[in-house]
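Work through the exercises below with the sequence and the model open. Try each task before reading its solution.

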Amino acid sequence: MDSQQPPIKINTICCIGAGYVGGPTMAVIADRCPSIQVHVVDLNQSRINAWNSKDLNQLPIYEPGLDEVIKRARGRNLHFSNEIKKGIQNADLVFISVNTPTKKKGLGSGQASDLRWVEACSRQVAEFAQGHTIVVEKSTLPVRTAAAIQTILKASNQTQSKGKSARSFSILSNPEFLAEGTAINDLENPDRVLIGGEDSEAIEALALIYMKWVAPEKILRTNLWSSELSKLSANAFLAQRISSINAVASLCEVTGADVREVSKAIGTDSRIGTRFLNSGPGFGGSCFQKDILNLVYLCHHFGLPEVADYWESVVNLNTWQQHRIAKLVVKNLFGTVTGKRLAVLGFAFKADTNDTRESPAIRISKDLIEEGAQISIFDPKVKQKQIEIDLGIAASPPPNKKGDLSQAALNGEGTWWQTSNIRDAIDGADALLILTEWDEFFHIQWDEIAVLMRHPAWVFDARAVVDPVAVRSAGLKLWRIGDGSE
Ligand code: NAD
Ligand code: UGA
């Protein structure tokens, strides 16, 4: 940056996309920078209404600590609306924080990211922006997406230059590294903030915002392409650790080793580190799978099939792990679950979130329903409507007090229903599966639970949350991830 040049001052921010990233990220920016007006805009009116709801329990996403941040900033300098045009017109800086899911059809289907929402945003910015606007990619994007955004903005400048006041754009990449369930802490105390770009003045303007609460040495500056690729690579590395430890877990189960002991022994090597070595039912969430598949697509596109295969195996192992758990439940219940009652405890993809995107519980429940099981699902934060969407099957009425099977069950069809507590889920069940590590599952009183079940009764603990001694002494059979206990 030219040392004579005063830094660009950002007074007004517009964030397009009020989702899991846009909402919490802008809330923290507004909280930490009271002098900046932050407008979060979204096409989805019901989401916006939920962000504006007086009752903070009705916010569209559940995230510990979010309600407090919203309480401090909303209405002061944090605003949620569907006024996209106005938001962009008034902004010095626009974050693009929209969804980038895997393409479902056409070229690159099943691997490439669907960029239609990012393109739509770029066109909206191209149409409505005034003066100089810094456009920031907050969404996770394939490497070189900034070039496409640049082309759209440039083209609009050429066509609109006549008769309009001068407009100009700088493009930055500023990927988000927050994890759901810990988003507020991750945003308030990030390991790093990554800013990629070519325009050093724009980079410094964005860095100044983060410097209100992030130590300067944690703000990394790179070129655009390194920043875009770092985000995909970080997720691929994290997911690769989970597939690695899940692969080891399956080997532990057949050899008498215990994955928790192996994980500790591996992780204490400071070169490896202890985090992200918990084996489980496979990784879920909206990003790991989509980002790795995107990387796979890019590798093929750039003529690197061996590299593509390497990353794809991380996803393949994850899918295998989920089917494996459903299969071993069936195997242990005498080879059939038709007409049997199974309780699924936890449907979110991890604890402390209501998000179910790519949750391992979806594939495992579907496999068991396919086998004819009667599944009762309990999750402290996930709503029945969401489970219906995820399973693609409407909920059935729960069995009556006598435990009579529904007609569908008598016909051998799998069904499911939701319960509002653990006891109701377990009542009359042949087995329970723990699929999310919610805190309350660590404190289950196994003596009280065991008497509610039909024996021989099983506990399948895919998150290693139970105390094996307490489960067994309550007369229950136990399978626990990574040690094959029975
Ligand atoms: P999300 O689906 O929760 O939210 C995206 C929002 O964008 C939706 O509410 C949608 O209505 C809105 N939207 C789409 N197109 C729009 C348009 N043209 N104008 C206005 N609004 C529009 O998605 P998310 O989980 O917040 O993820 C957003 C991006 O951040 C993705 O690229 C994702 O990979 C990345 N990311 C997500 C996480 C996470 O934990 N969820 C973490 C880091 C990065
Ligand atoms: C992940 C990354 O951790 C974030 O840094 C990133 O910003 C985000 O993806 C994204 O780009 O969306 P998130 O998916 O919210 O965050 O949650 P994680 O804590 O990473 O968990 C992902 C999945 O892996 C969960 O299903 C979790 O249960 C599983 N997991 C995690 C394990 O099975 N074992 C572990 O040791 C850790």
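The exercises cover a ligand site and some backbone features.

This is a predicted model, in which local features need pLDDT of at least 70, side-chain atom pairs count only at pLDDT 80 or more, and totals for chains, interfaces and linings use all residues. Residues are numbered from 1 along each chain as its sequence is written, ligands are numbered from 1 in the order in which they are written, and side-chain values use heavy atoms, without hydrogens and water.

**Exercise 1.** Describe the shell around ligand 2.

Solution. Start with the residues: 19 surround ligand 2, and L178, E180, K231, C287 and R463 come nearest (a residue is near if one of its heavy atoms lies within 4 Å). Next, locate the source: helix α9 (residues 224-255) gives the largest share, 4 residues. Finally, place the ligand: ligand 2 lies between domain 1 (12-222) and domain 2 (317-480), because both give residues to its shell.

**Exercise 2.** Find polar contacts of ligand 2 (pairs of N or O atoms within 3.5 Å).

Solution. Take the side chains: an N or O atom of K231 is 2.8 Å from an oxygen atom of ligand 2, and an N or O side-chain atom of N235 is 2.8 Å from an oxygen atom of ligand 2. Then take the backbone: an N or O atom of N278 lies 2.8 Å from a nitrogen atom of the ligand.

**Exercise 3.** Locate the cis peptide bond between H455 and P456.

Solution. Check omega, which is about 0° for this bond. Then place P456, which lies in the loop between α17 (446-450) and β13 (458-461).

Definitions and conventions: Helix = DSSP H or I, 4+ residues; strand = E, 2+ residues; numbered from the N terminus. Polar contact = N/O pair within 3.5 Å; in protein donor to acceptor, adjacent residues only side chain to side chain. Domains from an automatic or database assignment.
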